[in-house]
Amino acid sequence: MSDEARTLTDVVTRLRRALRTSIRADWPWESLPMAQVELLQTLAERPPMKVGDLASALRLAPNTVSGLVSQLIDSGLVVRGGDPKDRRVARLSVSPRGHEQLLVWQREHEKRIGAALGKLEASERDDVVRALKALDHLVEHLAEPS
């Protein structure tokens with residue numbers, strides 16, 4: 001592994017951990033595991049979805065997604081509906097409560113990141129902003145099938 005890849009892996013890991021830890025200090029409900037947040041985000045972007053399609057989009061095993069979905073349904077964050085073309089198929093969507101929780105999650109993360117960006121020197125903040133486009137392209141490359 002290159003030094004750049006190692007450093008980026010370390011920084012991304014620490015960034016996610018720091019953000020999650022700082023949010024939980026003010027928002028105890030933010031104990032929602034990241035896998036559930038990512039599932040909710042995916043469902044919010046492309047509703048309604050079948051479990052198999054959701055598993056493919058998240059690159060997770062269908063049984064893993066099924067377990068996450070059950071937890072989110074029990075929490076009232078996801079609803080299971082029927083498929084008008086095939087009654088045997090269930091389609092999943094984010095519930096109104098789930099949309100609200102995602103909105104609060106997004107706003108709080110934006111606030112935390114905005115506050116941290118505000119503490120950087122102007123040149124450091126500019127460096128972060130300039131890196132965003134390249135990081136977005138990196139995400140696209142990581143999402144490509146291997």
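Let's start with Gln36 and what it touches: leaving aside its neighbours within four places in sequence, Gln36 is in contact with Leu68, Gln71 and Leu72, where contact means heavy atoms within 4.5 Å. Gln36 lies in helix α2, residues 34–45. Is Gln36 buried or exposed? Gln36 is buried, with a relative accessible area of 7%. For these words, buried means under 20% relative accessible area, exposed means over 50%, and partly exposed is in between, with a 1.4 Å probe and protein chains only.

A quick word on what you have in front of you. This is a predicted model, in which local features need pLDDT of at least 70 and side-chain atom pairs count only at pLDDT 80 or more, while totals for chains, interfaces and linings use all residues. Residues are numbered from 1 along each chain as its sequence is written, and side-chain values use heavy atoms, with hydrogens and water left out.

Now let's step back to the whole protein. There are six helices and two strands, and from the N terminus on they run α-α-α-α-β-β-α-α. Helices (H or I, at least four residues) and strands (E, at least two) are DSSP runs, numbered from the N terminus. The C-alpha trace spans about 55 × 40 × 20 Å along its principal axes. Of the 146 residues, 21% are buried. If we take contacts between residues at least 6 apart in sequence, 49% of them join residues at least 24 apart. The accessible surface comes to about 10100 Å², and 56% of that belongs to carbon and sulfur atoms; accessible areas come from the Shrake-Rupley method with a 1.4 Å probe, and for residues only the protein chains shown count as cover.

Next, please find the loop between α2 and α3, which is where Pro48 lies. The peptide bond from Pro47 to Pro48 is cis, with omega near -25 degrees. Keep that bond in mind, and we'll come back to it in a moment.

Following the chain, we reach helix α3, residues 51–58, where Leu54, Ala55 and Leu58 are buried. Why do they sit on the same side of α3? They cover an arc of only 100 degrees around the axis, which puts them there; the arc is that of the directions from the helix axis to the C-beta atoms. As background, an α-helix has 3.6 residues a turn, so residues three or four places apart point the same way. The cover over the buried residues of α3 includes α2, α4 (62–74) and β2.

Right after α3 comes Arg59, in the loop between α3 and α4. Its phi is near 60 degrees, a positive value in a residue other than glycine. Arg59 counts as partly exposed, at 49% relative accessibility. Here is the background for this residue and for the bond I asked you to remember: most residues other than glycine have a negative phi, and most peptide bonds are trans.

On to the strands. Strand β1 (residues 78–83) pairs with strand β2 (residues 86–94) in the antiparallel sense, over six bridges; two strands pair if DSSP finds at least two bridges between them. A hairpin of two residues joins β1 to β2, and Asp83 has Asp86 in β2 as its bridge partner.

Two residues are worth picking out here. Val78 lies in strand β1 and is buried, with a relative accessible area of 2%. Not counting residues up to four places away in sequence, Val78 touches Leu40, Leu43, Leu72, Ile73, Leu92, Ser93, Val94 and Ser95. Arg88, in strand β2, is exposed, with a relative accessible area of 76%. The C-alpha atoms of Arg88 and Ser22 are separated by 43 Å, and these two residues are 66 apart along the chain.

Let's finish on the surface. Leu8, Val12, Val128, Val129, Leu132, Leu135, Leu138 and Leu142 make a nonpolar surface patch of about 640 Å². The elements giving two or more residues to this patch are α1 (3–26) and α6 (122–143), with the largest share, six residues, coming from α6. Patches are made of residues with over 30% relative accessible area and no salt bridge, with like charges joined within 9 Å and nonpolar side chains (Val, Leu, Ile, Met, Phe, Trp, Tyr) within 5 Å. A salt bridge is a side-chain nitrogen of Lys or Arg within 4 Å of a carboxyl oxygen of Asp or Glu. One of the patch residues is Leu142, in helix α6, and Leu142 is exposed, with a relative accessible area of 61%.
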